[in-house]
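The following paragraphs lead through selected features of a predicted model. Please consult the sequence and the structure alongside the text.

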Amino acid sequence: MTLTRENIRNGFIRKMMEEAPPGFRMLSEEELESSLAGMFPAGRPEGDVWLFGYGSLIWNPAFHFAERRIGTVRGLHRRFCLWTTLGRGTPERPGLMLALDRGGSCKGVAFRIEADKAAEELQIVWRREMVSHAYIPRWVTVQTDGGPVRAITFTINRRHERYVGQQMADAEAAKVIAVASGRIGRCAEYLENTVQHLHELKIADRYMERLLALTRQACGEQAAQEKMQK
């Protein structure tokens with residue numbers, strides 16, 4: 001199932017998370033609202049809001065925006081560092097999702113949401129990204145051709161039990177991504193879509209390119225193994 005504006009608003013993600021294995025803790029409605037309000041001095045957006053996307057937000061934002069710019073965030077990098085047992089994985093065969101981890105830099109897309117739409121659109125974003133404590137929303141400076149902008153993005157919570165530390169090698173991550181699949185699709189498809197849209201935007205990311213090559217290789221090996229077993 002593709003994540004859409006409508007099924008996010010209708011609570012599809014929350015319903016899916018209710019099927020999570022024991023121990024998975026969702027943010028309550030009160031925690032979700034408090035998290036969003038805490039990003040703004042007045043407790044709500046009072047002007048245009050920028051949002052920085054580095055993964056599926058680039059190719060499937062599901063929110064309305066007035067402008068987008070290619071931009072770079074320093075001090076954070078894109079990495080598959082979050083285990084998932086629902087959306088693109090299962091408890092038996094978990095997958096990996098992207099997040100921003102500390103160090104390096106990340107080139108992605110900054111979206112401008114107009115002031116009169118910001119409250120509604122950010123509700124959609126929060127209900128998509130902030131279902132658990134795995135991500136930490138924070139303000140970052142995005143360097144764009146039109147000048148720097150302050151934007152909200154979602155970084156990994158390194159204390160979360162589903163955080164994957166630096167010890168996982170790319171080849172190991174590729175083997176996980178190659179076989180994982182869940183309610184909203186395959187992990188490999190998520191990786192393919194992200195790299196494809198980075199190409200379209202002329203954004204170079206050697207890590208993503210290397211991981212895609214390794215994942216395609218792992219997919220081929222898995223298919224050959226399954227063929228031999230038949």
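H3 passes H5 in a right-handed crossing. Helix H3 spans residues 29–37 and helix H5 residues 115–129; the two pack at an angle of about 125 degrees, and their axes are 10 Å apart. Angles from 65 to 115 degrees count as roughly perpendicular and those over 145 as roughly antiparallel, and H3 and H5 are therefore oblique to each other. On the H3 side, the residues that meet H5 are Glu-29, Leu-32, Glu-33, Ser-35 and Leu-36, and their counterparts in H5 are Leu-122, Gln-123, Trp-126 and Arg-127. By class, this contact of H3 with H5 comprises four nonpolar, two polar and three charged residues.

Arg-127 of H5 also appears among the contacts of Ile-13. Ile-13 is placed in helix H2, which covers residues 12–17. Its relative accessible area is 4%, and because buried means under 20%, Ile-13 is assigned to the buried class. Leaving aside neighbours within four places in sequence, Ile-13 is in contact with Leu-3, Asn-7, Ile-8, Arg-127, Arg-128 and Val-131. For one of these partners, Leu-3, a C-alpha separation from Ile-13 of 8.6 Å is found, the two residues being 10 apart along the chain.

Leu-3 leads on to Asn-60, since a polar atom of the Asn-60 side chain lies 2.9 Å from the backbone oxygen of Leu-3. Asn-60 belongs to the loop between helix H4 (56–59) and strand E2 (67–84). With a relative accessible area of 18%, Asn-60 is buried. Not counting residues up to four places away in sequence, Asn-60 touches Thr-2, Leu-3 and Arg-128; Arg-128 is also in the list of contacts of Ile-13.

The loop between H4 and E2 also holds Ala-62. What is notable in its backbone is the sign of phi: Ala-62 has a positive value of about 65 degrees although it is not a glycine. Most residues other than glycine have a negative phi. Ala-62 counts as buried, at 14% relative accessibility.

A positive phi is likewise found at Lys-202, where the angle is near 60 degrees in a residue other than glycine. Lys-202 is located in the loop between H7 and H8. Unlike Ala-62, which is buried, Lys-202 is exposed, with a relative accessible area of 71%.

The loop between helix H7 (187–200) and helix H8 (206–229) also contains Asp-205. Is Asp-205 buried or exposed? At 15% relative accessibility, Asp-205 counts as buried. A polar atom of its side chain lies 3.0 Å from the backbone nitrogen of Met-208. When neighbours within four places in sequence are left aside, Asp-205 is in contact with Arg-78 and Leu-198.

The last site is Thr-153, which is placed in strand E5 (residues 149–156). Thr-153 is buried, with a relative accessible area of 0%. Beyond neighbours within four places in sequence, the contacts of Thr-153 are Phe-52, Tyr-54, Leu-100, Ile-136, Pro-137, Arg-138 and Val-140. To one of these, Phe-52, the side chain of Thr-153 reaches at 3.1 Å, the partner atom being the backbone oxygen. The C-alpha atoms of Thr-153 and Trp-139 are separated by 6.4 Å, although these residues are 14 apart along the chain.

Conventions: Residues are numbered from 1 along each chain as its sequence is written. This is a predicted model: local features need pLDDT of at least 70, side-chain atom pairs count only at pLDDT 80 or more; totals for chains, interfaces and linings use all residues. Side-chain values use heavy atoms; hydrogens and water are left out. Axes are lines fitted to C-alpha atoms, for helices over the stretch in contact, and angles run from 0 to 180 degrees between N-to-C directions. Helices (H or I, at least four residues) and strands (E, at least two) are DSSP runs, numbered from the N terminus. Angles under 35 degrees count as roughly parallel, over 145 as roughly antiparallel, 65 to 115 as roughly perpendicular and the rest as oblique. A crossing is left-handed if the near helix is turned anticlockwise from the far one by less than a right angle, and right-handed if clockwise. Contact means heavy atoms within 4.5 Å. Ala, Val, Leu, Ile, Met, Phe, Trp, Tyr, Cys and Pro count as nonpolar, Asp, Glu, Lys and Arg as charged, and the others, Gly among them, as polar. Buried means under 20% relative accessible area, exposed over 50%, partly exposed in between (1.4 Å probe, protein chains only). A polar contact is a pair of N or O atoms within 3.5 Å; within protein, one must be able to donate a hydrogen and the other to accept it, and residues adjacent in sequence count only if both atoms are side-chain atoms.
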